[in-house]
Amino acid sequence: MSLLLLALLPGCDRGPNLTMPAVQAPVAPVEAPPAAVSLEDVVETKPDYIIGISFPQSAAKYPGLAQALKTYADAAKSELMQAVAGLQGKKPTAPYDLSLSFTGLVDTPEVMAVAADGSSYTGGDHGNPLVARFVWLPKTQKMLTAQALFPAANAWQVISDASREQLATKLSQRLDADELEGAERAQRLQNSSRMIDDGTSPKAENFAQFEPVMDVGGRIRALRFVFPPYQVGPYVDGTRTVDIPARMLLPIVAPEYKTLFIGG
């Protein structure tokens with residue numbers, strides 16, 4: 001084979017062909033910032049239904065949080081409208097009603113918290129309660145959940161015990177205020193105590209709704225766990241809460257979140 005032909009043939013041992021373009025490393029795609037979400041209050045008054053939804057405009061600066069609020073509101077409105085559609089044009093005895101208010105609770109560089117409270121009425125003796133809490137971490141742009149905050153299984157027993165103690169004390173105080181005695185008091189105590197035990201069993205889902213209670217320096221001094229009607233008491237008792245101090249929670253808080261708390 002001639003030297004000219006050999007020069008034209010590629011080979012594994014001949015070194016790199018300097019005329020070939022260099023292979024570039026793949027460039028990681030740049031994530032686009034989340035699109036802004038418009039939080040517009042809703043007021044609709046029709047013969048068969050009424051809707052009122054209000055938002056805190058301070059939440060709009062965090063699109064992820066704003067989207068979570070809007071998703072919750074849209075779902076509540078969708079359920080009401082499905083019930084209205086079920087009327088098939090018939091006028092209800094009382095207009096169906098959705099009342100939902102989002103309220104800003106905390107707004108610091110570390111934590112943003114919003115409460116959702118309201119009710120949806122689609123017939124019956126009273127409306128269905130709407131209770132939710134949203135805790136947003138601005139620096140990481142994500143929602144803080146109870147499960148992420150307390151990943152260890154034994155954490156829920158600590159929170160359960162503290163919650164039961166507070167709720168039982170408040171129950172006893174209410175029975176004293178109502179001046180209930182004898183069999184009536186015993187029956188109320190038994191029924192309500194059973195609901196407290198069931199609603200505070202040591203499971204993450206029983207403590208999913210919570211809000212931070214801040215000190216003057218912007219750190220969490222306690223967590224307020226929120227229990228909607230029916231969870232730890234009858235509907236007439238309304239929403240119940242317990243405050244568990246940071247000193248009790250710090251040993252069971254996930255390490256990455258300890259600095260949010262006093263003493264962490």
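This is a dialogue between a visitor and a guide on how to read several features of a predicted model.

Visitor: Let me begin with the strands; what order do they have in the open sheet of three strands, and how do they pair?

Guide: The general idea is to follow the pairing from one strand to the next. In this model the order is β7-β8-β9, and the pairing is antiparallel. The edge strands are β7, residues 210-214, and β9, residues 240-245, each of which pairs on one side only. From one strand to the next the twist averages 25°.

Visitor: How many bridges join β7 to strand β8?

Guide: Five bridges join β7 to β8, the latter covering residues 220-227, and these two strands run antiparallel. One can be followed residue by residue, since methionine 214 has isoleucine 220 in β8 as its bridge partner.

Visitor: Which helix lies across β8 and β9?

Guide: That is helix α4, residues 155-177, which runs at about 130° to β9.

Visitor: Now to the interior; which residues touch the most other members of the largest nonpolar core?

Guide: The general idea is that in soluble globular proteins nonpolar side chains tend to be buried together. Here the largest nonpolar core has 38 residues, and those touching the most other members are Leu149, Phe150, Ile159, Leu223, Phe225, Leu249 and Phe261. The elements that give two or more residues to this core are β5, α3 (146-149), α4, β7, β8, β9 and α6 (246-249). Helix α4, the one that lies across β8 and β9, gives the most to the core, with seven residues. A second, separate core has 27 residues, including Tyr49, Phe55, Leu69 and Leu87.

Visitor: With which residues is leucine 149 in contact, leaving aside its neighbours within four places in sequence?

Guide: Once those neighbours are left aside, leucine 149 is in contact with Leu144, Phe210, Leu223, Ile252, Val253, Ala254, Tyr257 and Phe261. Of these, Leu223 and Phe261 are also listed among the core residues that touch the most other members.

Visitor: How many aromatic pairs does the structure hold, and how should I read the geometry of one?

Guide: The structure holds eleven aromatic pairs. The general idea is to look at the distance between ring centres together with the angle between the planes, where an angle over 60 degrees counts as edge-to-face. The rings of phenylalanine 150 and tryptophan 156 have centres 5.7 Å apart and planes at 75°, so this pair is edge-to-face. Phenylalanine 150 is buried, with a relative accessible area of 0%, and tryptophan 156 is buried as well, with 4%.

Visitor: What is the geometry of the pair formed by phenylalanine 207 and phenylalanine 227?

Guide: This pair is also edge-to-face, with 5.9 Å from centre to centre and 75° between the planes. The pair links distant parts of the chain, 20 residues apart, for phenylalanine 207 is in the loop between α5 (182-199) and β7, whereas phenylalanine 227 is in strand β8. Both residues are buried. Ring pairs further link Phe150, Trp156, Phe207, Phe210, Phe225 and Phe227 into a cluster.

Visitor: Turning to the backbone, what is the phi of glutamine 88, and where is this residue placed?

Guide: The general idea is that most residues other than glycine have a negative phi. Glutamine 88, however, has a positive phi of about 55° although it is not a glycine. Glutamine 88 is in the loop between α2 (63-86) and β3 (96-107), and it is exposed, with a relative accessible area of 70%. Glutamine 141 also has a positive phi, near 55°. Glutamine 141 is in the loop between β5 (128-137) and β6 (142-143), and at 37% relative accessibility it counts as partly exposed.

Visitor: Is proline 92 buried or exposed?

Guide: The general idea is to compare the relative accessible area with a cut-off, and buried means under 20%. Proline 92, at 13%, therefore counts as buried, although it is found in the loop between α2 and β3. Leaving aside neighbours within four places in sequence, proline 92 is in contact with Asp48 and Leu87. The C-alpha atoms of proline 92 and glycine 123, which are 31 residues apart along the chain, are separated by 7.9 Å.

Visitor: Where does serine 192 lie?

Guide: Serine 192 lies in helix α5 and is buried, with a relative accessible area of 7%. Beyond its neighbours within four places in sequence, serine 192 is in contact with Leu171, Val232 and Pro234.

Note on methods. Residues numbered from 1 in each chain as written. Predicted model: local features only at pLDDT ≥ 70, side-chain atom pairs only at ≥ 80, totals over all residues. Heavy atoms only, no water. Pairing = 2+ DSSP bridges. Helix = DSSP H or I, 4+ residues; strand = E, 2+ residues; numbered from the N terminus. Axes fitted to C-alpha atoms, helices over the stretch in contact; angles between N-to-C directions. Contact = heavy atoms within 4.5 Å. Buried < 20%, exposed > 50% of the residue type's maximum accessible area, 1.4 Å probe, protein only. Core = buried A, V, L, I, M, F, W, Y, C linked by side-chain atoms within 4.5 Å. Phe/Tyr/Trp six-rings, centres within 6.5 Å; stacked < 30°, edge-to-face > 60°.
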